[in-house]
Amino acid sequence: MKIALVQLAVSATKADNLNRATQLVSRAAKEGAKLVSLPECFNSPYGTSYFPEYAEKIPGASFDSLSSMAKENQVYLIGGSFPEEDNGKLFNTCCVFNPKGEMIAKHRKIHLFDIDVPGKIRFQESETLSPGNSFTTFDTPYCKVGVGICYDIRFPELAQVYAKLNCKLLVYPGAFNMTTGPAHWELLQRGRALDNQLYVATVSPARDTGAKYVAWGHSTVVNPWGEVIATTEHQETILYADIDPAYVEEVREQIPTRKQKRDDMYTLDWKKS
């Protein structure tokens, strides 16, 4: 399965973001991508002050645009994320569509990005957002895919649950910053891929040094051996990679950690399906 990660240059104008995303998803499909992902907050600037202003109900303008992109290009589309309003609450939400333009999954960011690194960055998503409460997977003819959003990647248990649910590819639309990006972005991806012996793909917005929140960029794909097989810099671009589900099984047979876990000593338990 050829996948495409759209490292979109996001502006303050929602209509421009939707139009640009439409163009790049079309380009990715013409290059043979079967699954395409947009970045976190693809339709708006990233920031707590922007979430209420740009928030939409589902369905809404961004939802309809994503549905059309998937249908017109006949691809599985992971719609990055955008601020969602539902019953007075705001969520950081990713909608997933099949090649018919039907929504087949919806992920609300589970772990809110609340950090404080003195002298470098302070950000509190919980000032405006509420957390999601469900795991998100979907099936393709190639493999099952698990979805997380940005900060979700820091929690290894989420990736372990997805691996237990037989996902062979995890996709994290994200927007790491200029502090945590160079330090942890690639490291976390390789860790999640290596520990769970699956593919991990992350897709960031392009870097805008004039924005209040500056994204690191560097969208990346890591294979089950923990190797970076595709990556890019920080400009707007489309990153392509081939996902081979058979290679996942090959690695798992070579180093059979899944069979060697000591269930008599520890288990992974989750409370929601």
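The following paragraphs lead through a predicted model, from its strands to its cysteines, its charged pairs and two individual residues.

A suitable starting point is strand β11, which spans residues 167-173. Seven of its seven residues are buried, so this strand is largely enclosed by the rest of the structure. On one hand, β11 pairs with strand β10 (residues 144-147) in the parallel sense, over four bridges. Within this pairing, Cys167 of β11 stands opposite Lys144. To pass from β10 to β11, the chain runs through helix α4 (residues 156-164), and this β-α-β crossover is right-handed. On the other hand, β11 pairs with β12, again in the parallel sense, and here there are five bridges. One of the positions involved is Pro173, whose bridge partner in β12 is Val203. The connection from β11 to β12 passes through helix α5 (residues 180-196), and this β-α-β crossover is right-handed as well.

The cysteines may be considered next. A disulfide is a covalent bond between the sulfur atoms of two cysteines. The structure holds zero disulfides, and two examples illustrate the distances concerned. The closest cysteine sulfur to that of Cys41 belongs to Cys150; because the separation is 9.2 Å, the two are too far apart for a bond. For Cys95, the closest cysteine sulfur is that of Cys94, at 6.8 Å, which is also too far for a bond. Cys41 is buried, with a relative accessible area of 2%, and Cys95 is buried with a value of 0%.

Charged residues offer another kind of link. Side chains of opposite charge can pair when their charged atoms come close. The structure holds 14 salt bridges. One of them joins Glu40 and Lys109, with the closest N and O atoms 3.0 Å apart. Glu40 lies in the loop between β2 (35-37) and α2 (51-54), whereas Lys109 lies in the loop between β6 (103-108) and β7 (114-117); the pair therefore ties together parts that are 69 residues apart in sequence. Both Glu40 and Lys109 are buried.

A further salt bridge connects the side chains of Arg108 and Glu84, at 2.9 Å from N to O. This pair, too, links distant parts of the chain, since Arg108 belongs to strand β6 and Glu84 to strand β4 (residues 82-86), 24 residues apart. Glu84 is buried, with a relative accessible area of 2%. Arg108 has a relative accessibility of 18% and so counts as buried, because the limit for this class is under 20%.

The salt bridge between Arg190 and Glu186 has its closest N and O atoms 3.9 Å apart. Both residues lie in helix α5, four residues apart, which is about one turn of the helix. Arg190 is partly exposed at 38% relative accessible area, and Glu186 is partly exposed at 39%. Elsewhere, salt bridges that share partners join Glu84, Asp86, Lys106 and Arg108 into one network.

Two individual residues complete the account. Ser219 is found in the loop between β12 (199-203) and β13 (220-222), and it is buried, with a relative accessible area of 0%. Its side chain makes a polar contact of 2.8 Å with the side chain of Gln7. Among the other residues that Ser219 touches are Leu5, Trp185, Val203 and Leu239. Arg252, in helix α6 (residues 245-254), is buried with a relative accessible area of 6%. The residues that Arg252 touches include Asn166, Asn196 and Arg258. Another is Cys167, the residue of β11 that stands opposite Lys144.

Definitions and conventions: Residues numbered from 1 in each chain as written. Predicted model: local features only at pLDDT ≥ 70, side-chain atom pairs only at ≥ 80, totals over all residues. Heavy atoms only, no water. Helix = DSSP H or I, 4+ residues; strand = E, 2+ residues; numbered from the N terminus. Buried < 20%, exposed > 50% of the residue type's maximum accessible area, 1.4 Å probe, protein only. Polar contact = N/O pair within 3.5 Å; in protein donor to acceptor, adjacent residues only side chain to side chain. Contact = heavy atoms within 4.5 Å. Pairing = 2+ DSSP bridges. Right-handed = clockwise from strand over helix to strand, strands pointing away. Disulfide = S-S within 2.5 Å. Salt bridge = Lys/Arg side-chain N within 4 Å of Asp/Glu carboxyl O. Lists of a residue's contacts leave out its neighbours within four places in sequence.
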